[in-house]
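User: I've got a model open and I'd like to talk it through with you. Can you take my questions one at a time?

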Amino acid sequence: MTNNSEQKRSGRANQRQRGMLRGAYLGMMVVALAAAAWAQQNVQQHDGPGQGRMRGMMGEGRQDMETIHSLFGAHQKISRSVKKLDNGVETVTESSDPKVQALIREHVGAMYQRLSAGQPIRMWDPLYAEIFRQAGKIKMDMFNTEKGIRVIETSTDAWVVKLLHSHADGVSEFVEKGMAVMHKEHPLPAAVLGKAVATMKVLPLRTSVGAGKDKEVEQLFEGPGRKLVQITLRNNSILETHKATLPITIQCVAGGGVLKVGDALEAIELKPGVLVTIEANALHKIEAKPDVSILLTQFTAKL
Ligand code: HEM
């Protein structure tokens with residue numbers, strides 16, 4: 001087969017598949033079916049180990065692994081570029097060998113199908129396991145290029161974007177190093193930390209009573225679903241009996257005292273580490289003996 005006829009055929013296939021797949025979302029049955037058809041079409045129209053093999057929706061691990069092994073075997077014939085986008089990745093993976101082109105397209109189609117149908121692969125590898133857990137949040141578009149495939153994967157979830165970036169780097173390493181890295185585990189991206197930093201706050205909880213007013217109320221945090229307040233009572237002061245309309249917890253962080261709860265005002269000794277849950281509308285009272293500091297967590301209804 002000449003390069004020209006290969007190119008024309010690729011161009012026609014490109015248009016057909018572009019029309020068929022653009023805008024498709026993972027997790028939707030209609031998309032899964034389109035992907036199956038796409039994969040099948042691809043397999044049938046290229047020479048190579050994938051030719052004529054029909055891929056069932058229920059996953060054929062052996063076949064996918066064969067393709068993957070062949071890709072590793074041919075890694076030196078594969079070129080790849082990765083563009084990291086704010087919302088995902090755009091990759092171009094190509095080869096000048098038509099058989100390798102077919103393998104690449106077959107693999108990507110098969111993996112698309114696996115993501116769509118929730119049929120994980122490489123579950124021992126943390127990155128892959130997480131990608132499959134998040135598959136419903138990945139949008140994947142594929143376009144045949146002259147010598148391979150262009151894949152655009154995006155997500156509106158920042159964490160999933162990090163996964164896509166890491167995965168794309170992992171594929172590039174497969175291409176660069178071949179079999180040597182086939183069994184290498186990919187840890188979850190360091191961005192786990194980034195995610196946590198962006199969504200967490202270290203609160204200035206004091207762990208000693210210290211000096212100050214007899215009654216000190218300091219709001220440490222208010223956010224979706226909860227409000228945290230540190231209350232310090234000094235010199236035997238008392239927080240008189242009252243009730244909250246929301247469930248709370250009280251944790252003693254310093255000093256000592258007595259917490260009285262419920263209509264019977266059942267007494268609980270407060271000392272550092274004591275943690276008590278109190279239901280909404282339950283009466284409670286705190287007496288410092290002589291000083292106590294507690295962390296009050298209010299569970300607000302609003303998320
Ligand atoms: C030389 C080896 C390999 C090549 C050339 C290759 C190529 C690709 C390409 C081009 C994509 C589209 C996404 C992207 O470009 O980043 C992809 C996706 C995928 N590959 Fe591979 N791959 C290889 C090895 C593997 C292996 C060993 C596995 C697992 C056993 C695997 C599983 C997947 C999965 C699950 C996806 C879809 C997930 C996603 O794109 O986020 N691949 N691969």
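Analyst: Sure, and one definition to start: two strands pair if DSSP finds at least two bridges between them. Keep in mind that this is a predicted model.

User: With that in hand, which residue stands opposite Val89?

Analyst: Strand 2 (88-95) pairs with strand 4 in the antiparallel sense, over 7 bridges. The partner of Val89 sits in strand 4, and it is Glu153.

User: How about strand 3 and strand 4: over how many bridges do they pair?

Analyst: These two form a hairpin with 3 residues between them. Met142 stands opposite Val151 of strand 4. The pairing is antiparallel, and the number of bridges is 6.

User: In what order do the 4 strands of the open sheet come?

Analyst: Strand 2 pairs with strand 4, and strand 3 pairs with strand 4 too. The sheet is open, its pairing is antiparallel, and the order is 1-2-4-3.

User: Which strands stand at the edges, and how does that follow?

Analyst: An edge strand here has a single partner strand, so one side of it is left without a neighbour in the sheet. From one strand to the next, the twist averages 15 degrees. The two at the edges are strand 1 (78-85) and strand 3 (139-144).

User: Which helix lies across strand 1, strand 2, strand 3 and strand 4?

Analyst: The helix in question runs at about 25 degrees to strand 4. It covers residues 98-117, and 18 of its 20 residues are buried. That's helix 4.

User: What span should helix 4 have, and what do its end C-alpha atoms give?

Analyst: Take 1.5 Å a residue for the 20 residues; the expected span counts one less than the number of residues. That comes to 28 Å, which agrees with the distance between the end C-alpha atoms of helix 4: 28 Å.

User: Which residue takes a positive phi just after helix 4?

Analyst: Helix 4 takes in residues 98-117. Just after it, phi turns positive at about 65 degrees, and the residue is Gly118.

User: How far apart in space are Gly136 and Ala117?

Analyst: Gly136 is in the loop between helix 5 and strand 3. It counts as partly exposed because it has 16 C-beta neighbours inside 10 Å. In sequence Gly136 and Ala117 are 19 residues apart; C-alpha to C-alpha, the distance is 9.6 Å.

User: Over to the ligand: which element supplies the largest share of the shell?

Analyst: Several elements each supply at least two residues, among them helix 3 (61-73), helix 5 (126-133) and strand 4 (148-154). Of the 25 residues around the ligand, those that come nearest are Thr91, Thr93, Met111, Arg122 and Phe174. The largest share, 6 residues, comes from helix 6.

User: How many of the shell residues are nonpolar, polar and charged?

Analyst: There are 25 residues around the ligand. By class, the shell splits into 18 nonpolar, 5 polar and 2 charged.

User: Now the backbone oddities. Is Leu265 buried, partly exposed or exposed?

Analyst: Most residues other than glycine have a negative phi. Leu265 isn't a glycine, yet its phi is positive, about 45 degrees, and it sits in the loop between strand 8 (248-261) and strand 9 (266-270). Because Leu265 has 13 C-beta neighbours inside 10 Å, it counts as partly exposed.

User: And Asn281: buried or exposed?

Analyst: Here too phi is positive in a residue other than glycine, near 65 degrees. Asn281 is found in the loop between strand 10 (275-278) and strand 11. With 10 C-beta neighbours inside 10 Å, Asn281 counts as exposed.

User: Where is the cis peptide bond that involves Pro290?

Analyst: Most peptide bonds are trans. Pro290 lies in strand 11 (residues 283-298). Omega of this bond is about -10 degrees, and the residues joined are Lys289 and Pro290.

User: Last one: what percentage of the residues is buried?

Analyst: The protein has 7 helices and 11 strands. Among contacts between residues at least 6 apart in sequence, 66% join residues at least 24 apart. Of the 303 residues, the buried part is 29%.

Note on methods
Residues numbered from 1 in each chain as written. Predicted model: local features only at pLDDT ≥ 70, side-chain atom pairs only at ≥ 80, totals over all residues. Buried ≥ 20, exposed ≤ 12 C-beta atoms within 10 Å, placed from the backbone. Near = placed C-beta within 6 Å. Nonpolar A, V, L, I, M, F, W, Y, C, P; charged D, E, K, R; others polar. Contact = placed C-beta atoms within 7 Å. Axes fitted to C-alpha atoms, helices over the stretch in contact; angles between N-to-C directions.
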